[in-house]
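Please examine the sequence and the three-dimensional structure shown here. The paragraphs that follow lead through selected parts of it.

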Amino acid sequence: VNPVTTLAWVTSSLTRTPTPALAGRAAGVTSSLVRELLALTERQGVISFAGGLPAPELFDVDGLREAFDRVLGGAEARRALQYATTEGHAILRALLAARLTGRGLPTEADDLLVTTGSQQGLTLVATALLDPGAVVLVEEPTYLAALQCFGLAGARLVTVPGDDDGIDPAALEEIARREQPSLLYVVSNFANPTGRTLTAPRRAAVAAVAEALGFWVMEDDPYGELRYRGAALTPLAARPEIADRGLYLGSFSKIGAPGLRLGWLRTPGSIRGPLSVVKQAGDLHTSAIDQAAVASYLATADLDGHIASLRTAYSLRRDAMLEALARSMPVGTTWSQPDGGMFVWARLPGDVDTADILPRALAADVAFVPGAAFFAGSPDRATMRLSFTTHTPFEIAEGIERLGRVVGQAI
Ligand SMILES: Cc1ncc(COP(=O)(O)O)c(C=O)c1O
């Protein structure tokens with residue numbers, strides 16, 4: 001250390017004028033205590049139900065490696081390493097369109113914009129469709145990072161009540177008449193965090209309200225193919241009433257691997273151009289090599305077979321969690337019975353705050369996400385989100401037993 005330069009640095013840093021303040025939209029964005037506590041769930045021995053993570057041991061590593069090898073070893077390699085179009089890899093879009101069509105959402109390749117994770121789709125839509133102060137209607141509770149995304153766009157979030165069948169269309173109509181929303185955001189299947197699914201009659205009713213009152217409907221559906229019981233429902237975005245205002249967000253994260261950051265956004269033609277320009281400003285295009293590899297994977301691997309094996313494994317894990325909750329949680333605790341997806345939403349009896357219980361749970365080597373962060377309105381602090389996908393049934397039983405003991409002492 002040179003004392004002269006150190007002294008000069010100290011002097012100059014004392015006399016420096018301060019940097020400008022953060023932008024208003026970022027100023028309120030701080031790390032929360034809960035987030036810091038959840039960082040501790042990485043610790044060895046912790047059975048964490050906190051992260052919304054797919055099971056890594058179930059990733060089709062061999063299939064994906066072969067797909068990357070084919071792309072990098074073949075004639076397409078140099079093109080796949082070059083800049084590419086903003087809309088996305090043509091063959092990938094065609095294959096994704098065929099999958100969506102097969103699920104009851106008739107789609108052409110040109111209807112799709114490939115995104116860097118479906119999370120980017122949320123940002124693109126917020127940027128393209130929401131002026132500051134625009135009203136976005138959301139389920140209560142709902143996906144935290146969607147709330148953050150709409151919040152960063154300066155939108156005003158208004159909650160719509162619902163129950164185990166999803167949002168209540170009558171309440172939606174009343175609130176939409178009053179609030180004049182720009183957009184309704186819905187996680188239609190096995191929602192994050194509640195595990196709830198919007199029923200078919202309610203899909204029709206929601207679409208009718210959107211048609212009558214004229215707002216965009218964004219269906220976010222990363223979990224739809226992870227169904228463990230009951231029949232698949234036709235996507236909300238397929239309702240004819242909202243053909244000109246329904247948006248659909250899909251993701252490779254939960255059926256393939258989230259590290260690839262691959263999602264897709266299906267939109268009406270009227271907003272496709274502006275959304276592409278917004279994406280261009282953000283990242284020019286989603287990784288071309290990753291898109292080419294996933295296109296090759298979809299064309300050759302048995303993705304449906306892979307999803308079937310995920311369903312088998314995850315349904316056993318869900319059952320293990322539901323059985324363990326019934327065995328281990330104090331009387332008066334309630335929880336959802338999800339037909340698919342990754343999450344159980346639980347509520348403790350009485351007037352407790354699950355954020356106060358989290359440090360004690362961590363001390364007992366078990367973790368969950370306190371529910372408050374998922375509420376746009378006034379939070380129900382007695383709630384928690386439990387993810388059942390990342391541990392074996394045996395570990396889940398052990399983890400819920402630990403949680404039951406901690407909760408029993410805390411309430
Ligand atoms: C409802 C919902 N939407 C979007 C996402 C983002 O997923 P992706 O990995 O495709 O960006 C998630 C991830 O957990 C989610 O739960």
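In which helix does Gly273 lie? In this predicted model, Gly273 belongs to helix α11, which comprises residues 272-283. The relative accessible area of Gly273 is 41%. Because values between 20% and 50% are classed as partly exposed, Gly273 falls into that category. A distance may also be given for this residue: Gly273 and Leu247 are separated by 26 residues in sequence, and their C-alpha atoms lie 14 Å apart in space.

The next residue to consider is Ser118, which is found in helix α7, residues 117-129. Its relative accessibility is 13%; buried means under 20%, and Ser118 therefore counts as buried. When residues up to four places away in sequence are left aside, Ser118 touches Asp220, Leu249, Gly250, Ser251 and Gly263.

Attention may now turn to helix α12, formed by residues 288-300. With 13 residues and 1.5 Å a residue, α12 should span 18 Å, and this agrees with its end C-alpha atoms, which are 18 Å apart.

How many of the 13 residues of α12 are buried? The number is 11, so the helix is largely enclosed by the rest of the structure. Among the buried residues are Ala288, Ile289, Asp290, Tyr297 and Leu298. The surroundings of α12 can also be named: its buried residues pack against the helices α4 (61-73), α5 (77-80), α6 (90-102) and α13 (303-328), and against the strands β2 (112-116) and β10 (262-266).

Note on methods
Residues are numbered from 1 along each chain as its sequence is written. This is a predicted model: local features need pLDDT of at least 70, side-chain atom pairs count only at pLDDT 80 or more; totals for chains, interfaces and linings use all residues. Side-chain values use heavy atoms; hydrogens and water are left out. Helices (H or I, at least four residues) and strands (E, at least two) are DSSP runs, numbered from the N terminus. The expected span of a helix is 1.5 Å times one less than its number of residues. Buried means under 20% relative accessible area, exposed over 50%, partly exposed in between (1.4 Å probe, protein chains only). Contact means heavy atoms within 4.5 Å.
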